[in-house]
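Thanks for coming, everyone. I have one structure today, and I'll go through it piece by piece. Let's put it up.

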Amino acid sequence: MWWGYSPALDIQSEVNKYGINCPDERLEVLIVGASDARHILKTLASSYLYRDRTIIYNVIESTLEQVARSILLLNTCLETNLGLQEATRYYLEIFGNTLVRPATAKYLIKCSNHLAYIPTNTSDCPWLSLEKFKHKDRDRLEAIFKFWARATCENIPIVEYWDKRVRKSLKTRYDYREGVFDWDYHMVLKSRGISNLTLQEYRFWRNNGIAFTWIEGESVRSNPTLLNNIIQHGPGFIHYSYLGDITNGPFFAWSLQETKDNRMYRAADVAEQEVMCSIYEIRTKQPICKDLIGSHRDSSILNGTLVVETPNKEMEQELWKVKGYKYKKGNISWTDIKNHKVIFHPVTSLETFKYKEEYVNRFDFIWAAHNTVKQLPNLVPLLKEGGIALVELQKYLVESREENLESFVKELKSVAQTNGLHEINDINAKEDYIARFCK
């Protein structure tokens, strides 16, 4: 639930290629269940390639924790006070690791403390709108940010939460889990074209939830942004343990772009390159020099395993003192993206939008996650005539065998046709990760 299972898409490229009668001045986009901000980030990065156009990103996520994470990840990419590599690695660690480096943890504390002032309008964020949420939801968002700051200091035992999930999932196979992980990698993922993801990376992530590692620094601090159902209770907080994905991984959003240059890189290296390119392009509005990407890499460790065992448990449990945070206007400055606005909507909007005249036939582009297919009857009325709808497929889900992929595509086609959508391309269940439709 914390990340998507398809690569980041440049929305303008999709609209220009497949859209009919899409306006040049303003683009209304609806993103449902993406679980992260990858499509927004990719579109922001590529915007310099096109004529100036105002783009409004309307985003619906199933939980407020996912909303808060998307805000945090976007903030990390747009914050001007961070170095290029610094921002890239902060992003990837917060995005996909149960444990992060101490430097990343300190950034998470500082950033969460500041972002806590945004839901209550104490701090103004020019690229973000939370006005569609009720006051109680904004208060919960504020509580989530405050919890992250406190929980990072207290270093909650997230790896123990992870291990309990793995034990519960595998049951009697737990003692032979390495064989289970190897089977899923070789028999499922490799057959679906995952070339840059190494067995060592996948197996290490399945064991402890750490996806992206580098030789500079050890991941020893907990990442509380991966916890669920955070509720403020008196002076403290109540939360569930880790309830997210433990079988697929966060590798598919940024690690699938294979080129001649990155064919020998690990998934972590490819993801770092893709995110770094995006952040650089957002800041400079020009393509990045490849020499800049590789300047910090030692070619002798490419495609190597930089971490081979779980970090020291005593280091993980070390407590940091919780310090008070004084809000100052201008503590965070962001890259100017004046033509772009991100508007988050409550999940109840999926049921209510089609009854509101202002949203019917409003959107030029709709993107929906694989687990929202049943919401298509609610989404199609919102799409303009000639607009395009993209639906994520289940190609990269380990749990989905070949027969499941075929049945999912069959169901998707049936629902789409019933609701007046037409296929733009033939859908290949084994090869495609996205299905494109036109209204």
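Let me start with a question: in β8, which residue is the bridge partner of Val-59? Phe-344. Before we follow that up, one caution: this is a predicted model.

Back to Val-59. On β1, there is a second pairing to note: Ile-31 has Val-59 as its bridge partner in β2. So much for single residues; now the strands themselves.

β1 covers residues 26-32. Seven bridges join β1 to β2, and the two run parallel. Next, β8, residues 340-345. Six bridges join β2 to β8, again in parallel. Then there is β4, a short entry at residues 128-129. Two bridges join β4 to β8, and that pair is parallel too. Within it, Ser-129 has Ile-343 of β8 as its bridge partner.

How does the chain get from β1 to β2? Through α2: β1, α2 and β2 make a right-handed β-α-β unit.

Now, burial. Six of the seven residues of β2 are buried, so β2 is largely enclosed by the rest of the structure. β8 is mostly covered as well, with five of its six residues buried.

Just ahead of β2, look at the loop. Arg-53 is found there, between α2 (38-46) and β2 (54-60). Is Arg-53 buried or exposed? Buried, with a relative accessible area of 7%. What does Arg-53 touch, leaving out residues up to four places away in sequence? The list includes Asp-24 and Glu-25. Gln-12, Asn-16 and Pro-23 are also among the contacts. So are Arg-26, Leu-27 and, from much later in the numbering, Asn-339.

On to a helix. α4 spans residues 84-96, which makes 13 residues. From its first C-alpha to its last it reaches 19 Å, close to the 18 Å expected at 1.5 Å a residue. How many of its residues are buried? Eleven of the 13, so α4 is largely enclosed by the rest of the structure. Among the buried ones are Arg-89 and Glu-93. Tyr-90, Tyr-91 and Phe-95 are on that list too. As a reminder, an α-helix has 3.6 residues a turn, so residues three or four places apart point the same way.

Cysteines next, since someone will ask. How many disulfides does the structure hold? Zero. Cys-77 is buried, with a relative accessible area of 1%. Cys-277 is buried too, at 11%.

Last, the whole protein. There are 15 helices and twelve strands. Of the 439 residues, 58% count as buried. Take the contacts with a separation of 6 or more: residues 24 or more positions apart account for 78% of them. The accessible surface comes to about 19,200 Å², and 49% of that belongs to carbon and sulfur atoms.

To return to where we began: Val-59 has Phe-344 as its bridge partner in β8, and Ile-31 has Val-59 as its partner in β2. That's the tour. Questions, please.

How values were computed: Residues are numbered from 1 along each chain as its sequence is written. This is a predicted model: local features need pLDDT of at least 70, side-chain atom pairs count only at pLDDT 80 or more; totals for chains, interfaces and linings use all residues. Side-chain values use heavy atoms; hydrogens and water are left out. Helices (H or I, at least four residues) and strands (E, at least two) are DSSP runs, numbered from the N terminus. The expected span of a helix is 1.5 Å times one less than its number of residues. Buried means under 20% relative accessible area, exposed over 50%, partly exposed in between (1.4 Å probe, protein chains only). Contact means heavy atoms within 4.5 Å. A disulfide is a pair of cysteine sulfur atoms within 2.5 Å. Two strands pair if DSSP finds at least two bridges between them. A crossover is right-handed if, with the strands pointing away from the viewer, the path from the first strand over the helix to the second runs clockwise. Accessible areas come from the Shrake-Rupley method with a 1.4 Å probe; for residues, only the protein chains shown count as cover.
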